[in-house]
Amino acid sequence: MAFTDRSFPDRDDAPATPGGVKELFAASLLMTLAAALALRAFVSLDALAPIVATLLFALAASVAGSALVPRNRKRRATLLDVAGVLTFIGVGISIVIDPDQMIRLVTLSDQPD
């Protein structure tokens, strides 16, 4: 009669949450912000949003790749959560990019170099 046993496992048996995940997320967002501020001086404002979105996707891919390393099994779920949030932010930035802005970035200009 296992359904009558209402004993709950102690909280001491629960695994400790892996440290450093919040710091990784904050550092990746701060790094993206610093890169965006630094790139403002070198690229046009039309190209800044696609560069930041691409940077966030690259960061998400690297965090997801590090989550798949076999020695990070305890941190895998939280690292994949961070990768998902970075991807979500990158998609949000990609949504606000104007399609005409992307066409100006991709098409060739008639102006001589």
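Q: Where does Q101 lie in this model?
A: Start by placing a residue in its secondary-structure element. Q101 belongs to helix α4, which spans residues 99-106. Do keep in mind that this is a predicted model.

Q: Is Q101 buried or exposed?
A: The general idea is to read the relative accessible area against a cut-off, with under 20% taken as buried. Q101 has 11% relative accessibility, so Q101 counts as buried.

Q: Which residues does Q101 touch, once residues up to four places away in sequence are not counted?
A: Setting aside sequence neighbours lets the fold show itself. For Q101, the partners are L45, D46, A47 and P50. Take L45 as one example: Q101 and L45 are 56 residues apart in sequence, while their C-alpha atoms are 9.8 Å apart in space.

Q: P50 makes me curious about I93; how far apart are the C-alpha atoms of I93 and P50?
A: Here you compare two separations, one along the chain and one in space. I93 and P50 are 43 residues apart along the chain, and 8.0 Å separates their C-alpha atoms. I93 itself is found in helix α3.

Q: What is I93 in contact with, leaving aside its neighbours within four places in sequence?
A: I93 is in contact with A49, V52, A53 and L56.

Q: And how should I class I93 by its accessibility?
A: Between the buried and exposed classes sits a middle one, which runs from 20% to 50%. I93 has a relative accessibility of 22%, and therefore counts as partly exposed.

Q: Let's turn to α1. Which helix holds T32, and what does T32 contact beyond its neighbours within four places in sequence?
A: Again, place the residue and then list its partners. T32 is in helix α1, and its contacts are V52, L55, L56 and L59. With a relative accessible area of 6%, T32 is buried.

Q: What about S28: buried or exposed?
A: S28 is another residue of helix α1. Its relative accessibility is 5%, so S28 counts as buried. Not counting residues up to four places away in sequence, S28 touches L59 and L86.

Q: How do I describe the packing of α1 and α3?
A: For a helix pair, give an angle and a distance between axes. Helix α1 (residues 21-39) and helix α3 (residues 76-95) pack at about 25°, and their axes are 10 Å apart. Angles under 35 degrees count as roughly parallel, and α1 and α3 are therefore roughly parallel to each other. The handedness of a crossing is a further descriptor, and for α1 and α3 the crossing is right-handed.

Q: Which residues meet where α1 and α3 pack?
A: List the residues helix by helix. From α1 come V21, L24, F25, S28 and L29, and from α3 come T78, L79, V82, V85, L86 and I89. Sorted by class, this contact of α1 with α3 has nine nonpolar, two polar and no charged residues.

Q: Stepping back, how many helices and strands are there in the chain?
A: Count the elements, then read their order. The chain has four helices and zero strands, and along the sequence the pattern is α-α-α-α.

Q: What share of the contacts is between residues 24 or more positions apart?
A: Sequence separation is again the thing to look at. Among contacts in the chain with a separation of 6 or more, 66% are between residues 24 or more positions apart.

Q: How do I read burial and surface for the whole chain?
A: Take the fraction of residues, then the area. Buried residues make up 19% of the 113 residues. The accessible surface comes to about 8700 Å², and carbon and sulfur atoms account for 65% of that surface.

Notes: Residues are numbered from 1 along each chain as its sequence is written. This is a predicted model: local features need pLDDT of at least 70, side-chain atom pairs count only at pLDDT 80 or more; totals for chains, interfaces and linings use all residues. Side-chain values use heavy atoms; hydrogens and water are left out. Axes are lines fitted to C-alpha atoms, for helices over the stretch in contact, and angles run from 0 to 180 degrees between N-to-C directions. Helices (H or I, at least four residues) and strands (E, at least two) are DSSP runs, numbered from the N terminus. Angles under 35 degrees count as roughly parallel, over 145 as roughly antiparallel, 65 to 115 as roughly perpendicular and the rest as oblique. A crossing is left-handed if the near helix is turned anticlockwise from the far one by less than a right angle, and right-handed if clockwise. Contact means heavy atoms within 4.5 Å. Ala, Val, Leu, Ile, Met, Phe, Trp, Tyr, Cys and Pro count as nonpolar, Asp, Glu, Lys and Arg as charged, and the others, Gly among them, as polar. Buried means under 20% relative accessible area, exposed over 50%, partly exposed in between (1.4 Å probe, protein chains only). Accessible areas come from the Shrake-Rupley method with a 1.4 Å probe; for residues, only the protein chains shown count as cover.
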